[in-house]
Amino acid sequence: MRMPNPHRSFRTIACTVAALGLVLAGSVSATAATNEPSTPVPITPPDGTVMSYVVNIGQANPGQTRKAEKAIAEAGGVVVQSWPEIGVVIAQSDRAAFRDTVKVKGKNVVASVGATRTVEVKDKVTGPQAPWGPGSSGWKQGKNKPVNGDEPTEPVPATGSDSLEGQQWDMTMIQADQAHQVTDGSRNVLVGVLDSGIDPTHPDLQANIDVADSVNCTTGGRPDQTAGGWYPTTSDHGTHVAGTIAAARNGVGIVGVAPNVRLASVKVVNDDGFIYPEYAVCGFMWAAQRGMDVTNNSYYVDPFEFWCDDQPDQAAVREAVARAVNWSNSRGVVSAAAAGNSGLDLTVNTRDEGSPDDAAQPTPRTINQGCKDIPAQIPGVVTVSSLTQTGQLSYFSNRGLGEIDVAAPGSRILSTIPGGKYGLKSGTSMASPHVAGVLALMKSAHPELTPAQMVQKLEDDATPTACSAPQYDEGAACVGTPELNSYYGHGIVNALKAVQ
C-alpha cells in the first residue's frame with residue numbers, strides 16, 4: 001500500500017566540540033548563501049500576545065547568563081529556562097518589541113534573539129525556574145497532524161511469545177539478529193528517545209524504561225518530571241520508535257535492535273504534534289546532563305521544515321539548537337536523526353511549500369543552501385535515510401550526496417504501540433531508531449569510544465550499497481559510488497560489525 005505524499009519529518013511520517021568556545025563561534029555557519037535570499041516570513045505579534053523566544057548569549061558563563069536574565073525581565077519577558085552551559089535562555093513575552101528591547105537592555109551580552117514559533121504559546125509558564133547557580137545541580141551537571149507523513153498505524157496482533165520476531169525483516173537486513181549472538185546490549189547504556197512519549201505499561205518496553213531519567217520538555221521548554229508528564233497522550237509515534245530501539249527479549253511480541261539497554265522517554269512533542277525549538281534544546285541538554293549515551297530524533301524542529309541563516313529569527317533558533325546538540329555531543333552523547341519524508345534532494349532543494357506549519361496558512365517560499373533541516377543537518381548528527389524491504393530507497397525519503405550518513409529500514413516496520421499492541425509504520429522516523437539501536441549496541445561492546453569515534457565506526461562498518469532506481473520512479477535519481485552515494489550514504493547500517 002502506498003502512503004500519501006508526506007511533508008513533515010515527525011508526522012507518522014524525523015562534531016564533537018572540544019571546547020564551548022568553539023560551539024559559540026562555529027556551531028552554525030554565518031556565511032551568506034551564494035544564491036538568492038530566502039523568502040522572509042515576518043513574525044509580528046501584537047502587544048498582549050504571549051510568544052516564545054530563544055536569547056543567545058555571546059559568552060556562556062553564569063555571570064553573562066544572569067545579565068541576560070535581567071535584560072529579559074527589563075524588556076517585559078519571563079525567563080522560562082536558562083541553559084548557562086551553552087549561553088541560551090528561553091523566554092516568553094507579550095511585548096511586541098521584546099526582541100529589540102532585550103538587545104538594548106542586554107547591551108553586549110545578547111548576541112541574537114529569535115521567535116521560536118509563529119503563534120501564541122499555549123504552554124505559558126508561570127513561576128520561577130529551578131535554581132541553576134552555584135550549589136545547585138543544574139549548573140554543576142551542566143493542531144493535530146499526521147505523524148511523519150506515514151500511513152496510519154496498521155495493527156498487528158500480539159502473541160504469547162517472541163514469535164513476531166519472525167516478521168522483523170528489518171532486523172535481518174541490518175544483521176541485528178546476528179549481533180544479538182554477541183550481545184543484546186548493556187544495562188549501562190542509556191538511550192534518550194526524544195519523541196512523543198513512551199507507553200510505560202507496554203510489556204515489551206516496561207522493563208527497559210528508566211523512569212528516573214525520563215522527562216517532559218513540552219512545558220515551555222522547561223524540564224518537568226511530574227509523574228506521567230512524559231507519557232504519550234495524542235501519539236503512538238514515540239512508543240513505536242522505542243520498540244525498534246529496545247523492545248525486550250522477554251517471550252512477548254518483538255525484539256529491538258538493542259533489547260537489553262535502557263530507554264529514557266524525553267517528551268519533546270506536544271499534544272498538537274509540534275516539536276518547537278525550546279523543546280528540542282531541553283531534550284538535548286537533558287540527555288547530556290543525565291549522562292545518556294545515544295539519542296534518537298525522529299522529527300524536524302517546527303514550525304519550519306528548513307531554518308534559514310539569512311533570516312534573523314530562524315538563524316537565532318538554529319544557533320540555539322546547534323549549541324545544545326554540540327554540547328550534548330561534547331558530553332558523550334551521539335545522536336541519530338531522521339532525514340525527513342519530503343522526497344527531496346537536500347543538496348539542491350530550493351522550495352519550502354509547507355512552512356511555517358503552525359500558521360493558519362503556510363508561506364510558500366524560496367529557500368537556499370543556507371536553509372537547513374534541524375537537527376538532521378547539524379554537523380555531527382547521524383542523518384538516516386529510509387529503505388524498503390527490497391533495499392530500495394523509500395520513495396518518501398529525503399536524500400542527498402554528503403547529506404545522508406547511513407541508510408536503514410523504514411517502510412512498514414513492525415514495532416510496539418500503546419496499549420500493549422503492535423503495528424506497522426513507515427517513515428524515516430522508523431529508519432533512525434534502527435541506527436540509534438546499533439549505536440547503543442556499539443557503545444555496549446565498545447564503551448571507550450567517543451561520539452566522533454562511534455560515528456566513524458558506524459560509517460566504516462556500513463554495508464556499501466550501489467545506487468538503485470528510485471521507488472515508483474519518484475524523486476531525484478541516485479548519484480555517487482557504492483561507498484558513498486545520495487541514497488545510502490556510506491551504506492546500510494550493520495549491527496553485527498558494530499559489536500565486533
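Helices and strands are DSSP runs, numbered from the N terminus. The model on display is predicted.

**First stop: a sheet of four strands**

Begin by selecting strand 1, strand 2, strand 3 and strand 4. The four strands make an open, antiparallel sheet, and their order across it is 2-3-1-4. Why is one side of strand 2 and of strand 4 left without a neighbour in the sheet? Strand 2 (77–83) and strand 4 (110–115) stand at the edges, and each has a single partner strand, so one side of each has no neighbour there. On average, neighbouring strands of this sheet are turned by 25 degrees against each other, direction ignored.

Next, select residues 51–57 and 88–93, which are strand 1 and strand 3. These two strands run antiparallel and are joined by six bridges. Highlight Val55 to find one such pair: its bridge partner in strand 3 is Val89.

Now move to strand 2. Six bridges connect strand 2 with strand 3, and the two run antiparallel. Within this pairing, Val79 stands opposite Ala91 of strand 3. Strand 2 and strand 3 form a hairpin with four residues between the strands, and in this hairpin Gly87 adopts a positive phi near 70 degrees. Is strand 2 mostly covered or mostly uncovered? Strand 2 is mostly covered, with six of its seven residues buried.

**Second stop: helices across the sheet**

Select residues 98–106 to show helix 3, which lies across strand 1, strand 2, strand 3 and strand 4. Helix 3 runs at about 165 degrees to strand 4. Then add residues 312–330, which form helix 9. Helix 9 lies across strand 1, strand 3 and strand 4, and its angle to strand 4 is about 110 degrees.

**Third stop: helix 8**

Select residues 277–289 to display helix 8. At 1.5 Å a residue, its 13 residues should span 18 Å, and the end C-alpha atoms are indeed 18 Å apart, which agrees. All 13 of the 13 residues of helix 8 are buried, so the helix is largely enclosed by the rest of the structure. Helix 8 is followed by Gly291, where phi is positive, near 70 degrees.

**Last stop: Asp345**

Finally, select Asp345, in the loop between strand 12 (334–338) and strand 13 (351–352). Which residues does Asp345 touch, not counting those up to four places away in sequence? Asp345 touches Arg399, Gly400 and Ala476. Asp345 is buried yet has no salt bridge. Arg399 has the nearest side chain of opposite charge, and this side chain is 6.8 Å away, whereas a salt bridge requires a nitrogen-to-oxygen approach within 4 Å.

Terms used: Residues are numbered from 1 along each chain as its sequence is written. This is a predicted model: local features need pLDDT of at least 70, side-chain atom pairs count only at pLDDT 80 or more; totals for chains, interfaces and linings use all residues. Side-chain values use heavy atoms; hydrogens and water are left out. Buried means under 20% relative accessible area, exposed over 50%, partly exposed in between (1.4 Å probe, protein chains only). Lys and Arg count as positive and Asp and Glu as negative; His and the chain ends are not counted. Contact means heavy atoms within 4.5 Å. Two strands pair if DSSP finds at least two bridges between them. Axes are lines fitted to C-alpha atoms, for helices over the stretch in contact, and angles run from 0 to 180 degrees between N-to-C directions. The expected span of a helix is 1.5 Å times one less than its number of residues.
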